[in-house]
Amino acid sequence: MTDAAVADRIQFAFTVMFHYLFPITTMGLAPLIVLFQTLYLVRRRDRHARAARFWAKIFGINFAAGVVTGVPMEFQFGTNWASFSGFSGGVIGQTLAMEGVFAFFLEAGFLGVFLAGVNRVSPFVHWLSAVLLAGGALLSGFFITATDAWMQHPVGYRIVHGRAELTSLWALLTNPFAWWQYLHVIDGALVAASCLLASIGAFHLLRGRHLEFGRLSVAVGVGLGAAFSVLQVFPTGDMNARNVGHYQPVKEAAYEGLFRSQSDAPIAILGMPSTEQRRLLDPVEVPGALSFLEYGDAHKKVAGLDSFPQPLWPPVQVTYYAYHIMVGLGTIFIAVLLVGVLLLWRRRLFTARWYLWAVMLMLPFPYIANEAGWVVTEVGRQPWLVWGVMPTARGVSPTVEAGETIFTLLGYAGIYAALAIGFLFLVGRQVALGPRPMPAPRRREAL
């Protein structure tokens, strides 16, 4: 691979990983805003309306940051990855266009209605705006995941004059690789958003301010976070891993550190992969577990890395460690959040300061786990840009030099640093202020 291709990959990885921090929050928060607004519609308690409005403001800041940080990636398709865009634009252009037209319209339009519509529209219309806002966020996630799924498992296309042309939009949208990947992504975002609720709620309880809001946020965050964390393992994680094993067995072998094809294939809990020695160093393994999870039979043979030519291996160490960070953190989330559920059941959740500190400090880790998951997905796809069709090295622009890419990367880093400071200031200000009283009614007539 050329220096230019490596520089292009580093730049895209940097921009997409920074950008992805914000969609994690919007995709996860949107359904929780609907939950609070639904509770308000049913019970008419102001605390639910205040919570929905508070989290909608956090959503809005993340949405704006996500839009701004997503723009450079669009440019990179045309500058650094022109060969890839020319080849695949006839296919992935469909899903990217639908994401911009349908999902962005719903998110941007109904976020405004939700925030500005308090006491201006009827409670039902206000609730409906929250539902459509969430629909936009979830649709956005689906179209982006469907785009990525086509790169992982290309379907519904044909090659004409060296370019991919879409033959079936239905096949693209129902790609068997996409749906479990999408559910796994959305559930990961819900885990992160639930932990965000619990963390901010714990912050207020530890400060002794906004106690009603803090108790509501901690209880909802811990309860839903525990449920979503379990769902992240089964069925979404399990079925997504089976898809990878079926369509991309070399990726599965890399993230499991399985160098040798074998029956009774184990799952490695710990260990260090060595590509030179072609084995896992100092492994702690569960015999037969990988065979069982893949085939429902602990004695079935699973393909290891030795089943594939080494030039087709993804970067084994990066894929392996990212996968184990994701799985390890997910296991910790289940344990911590189930302890919270136990404390809630015993009516000690809001007074156990040691637990509130733990939950508050846990906030960054769901984001790290989500990012690690995408590293597994994208680094594990190498050396393919479009699996089995287009090698990554062929997708870069022939006229952009590595030095030019590094120069613009430094520019992105500076801009993103400034953006991060502004983002943290705005979110920190909202968190410090806490939920504010609902504005006085301006008119009572329902639209």
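Biologist: What joins S3 and S4, and which residue in the turn has a positive phi?
Modeller: In this predicted model, S3 and S4 form a hairpin, with four residues between the two strands. The residue in question is Arg-278, which lies in the turn and has a phi of about 55°.

Biologist: What makes strand S3 and strand S4 a pair, and in which sense do they run?
Modeller: Two strands pair if at least two bridges are found between them. Strand S3 (residues 267-274) and strand S4 (residues 279-286) have six bridges, so the condition of at least two is met. The sense is antiparallel.

Biologist: Which residues in S4 stand opposite Ile-267 and Ser-274?
Modeller: Ile-267 has Val-286 as its bridge partner, while Ser-274 faces Arg-279.

Biologist: Why is the protein called as compact as a globular protein of its length?
Modeller: The protein has 14 helices and six strands. Its radius of gyration is 23 Å, and the globule rule gives 22 Å for 447 residues; the two values are close, so the protein is as compact as a globular protein of that length. Along the principal axes, the C-alpha atoms fill a box of roughly 65 × 50 × 40 Å.

Biologist: How many of the residues count as buried, and what part of the accessible surface belongs to carbon and sulfur atoms?
Modeller: Buried residues make up 50% of the 447. The accessible surface of the protein is about 20200 Å², and 68% of that belongs to carbon and sulfur atoms.

Biologist: What share of the contacts with a separation of 6 or more comes from residues 24 or more positions apart?
Modeller: That share is 77%.

Biologist: How many positive and negative side chains are there, and how far apart lie the centres of the two sets?
Modeller: There are 32 positive and 25 negative side chains, with 17 Å between the two centres.

Biologist: Why is Gly-214 called buried, and what does Gly-214 touch?
Modeller: Buried means under 20% relative accessible area. Gly-214 has 0%, so it is buried. Gly-214 belongs to helix H7. Leaving aside residues up to four places away in sequence, Gly-214 touches Gly-201, His-204 and Leu-205. From Gly-214 to Gly-201 the C-alpha atoms are 3.8 Å apart, although 13 residues separate the two in sequence.

Biologist: Is His-161 buried or exposed, and why?
Modeller: Exposed means over 50% relative accessible area. His-161 stands at 80%, and therefore counts as exposed. His-161 is in the loop between strand S1 (157-160) and strand S2 (163-166). Its phi is near 50°, a positive value in a residue other than glycine.

Biologist: Why does Asp-264 count as partly exposed?
Modeller: Partly exposed is the range between the limits of 20% and 50%. With a relative accessibility of 34%, Asp-264 falls in that range and so counts as partly exposed. Asp-264 is located in the loop between helix H9 (249-256) and S3. Asp-264 also has a positive phi, about 50°, although it is not a glycine.

Biologist: What kind of peptide bond joins Phe-234 and Pro-235, and what kind leads from Gln-382 to Pro-383?
Modeller: The bond between Phe-234 and Pro-235 is cis, with omega about 10°. Pro-235 is in the loop between helix H7 (211-233) and helix H8 (236-247). The bond from Gln-382 to Pro-383 is cis, with omega near 10°. Pro-383 is in the loop between helix H13 (364-379) and strand S5 (384-386).

Technical notes: Residues are numbered from 1 along each chain as its sequence is written. This is a predicted model: local features need pLDDT of at least 70, side-chain atom pairs count only at pLDDT 80 or more; totals for chains, interfaces and linings use all residues. Side-chain values use heavy atoms; hydrogens and water are left out. The radius of gyration is taken over C-alpha atoms; the globule rule is 2.2 Å times the number of residues to the power 0.38. Buried means under 20% relative accessible area, exposed over 50%, partly exposed in between (1.4 Å probe, protein chains only). Contact means heavy atoms within 4.5 Å. Accessible areas come from the Shrake-Rupley method with a 1.4 Å probe; for residues, only the protein chains shown count as cover. Lys and Arg count as positive and Asp and Glu as negative; His and the chain ends are not counted. The place of a charge is taken as NZ of Lys, CZ of Arg, CG of Asp or CD of Glu.
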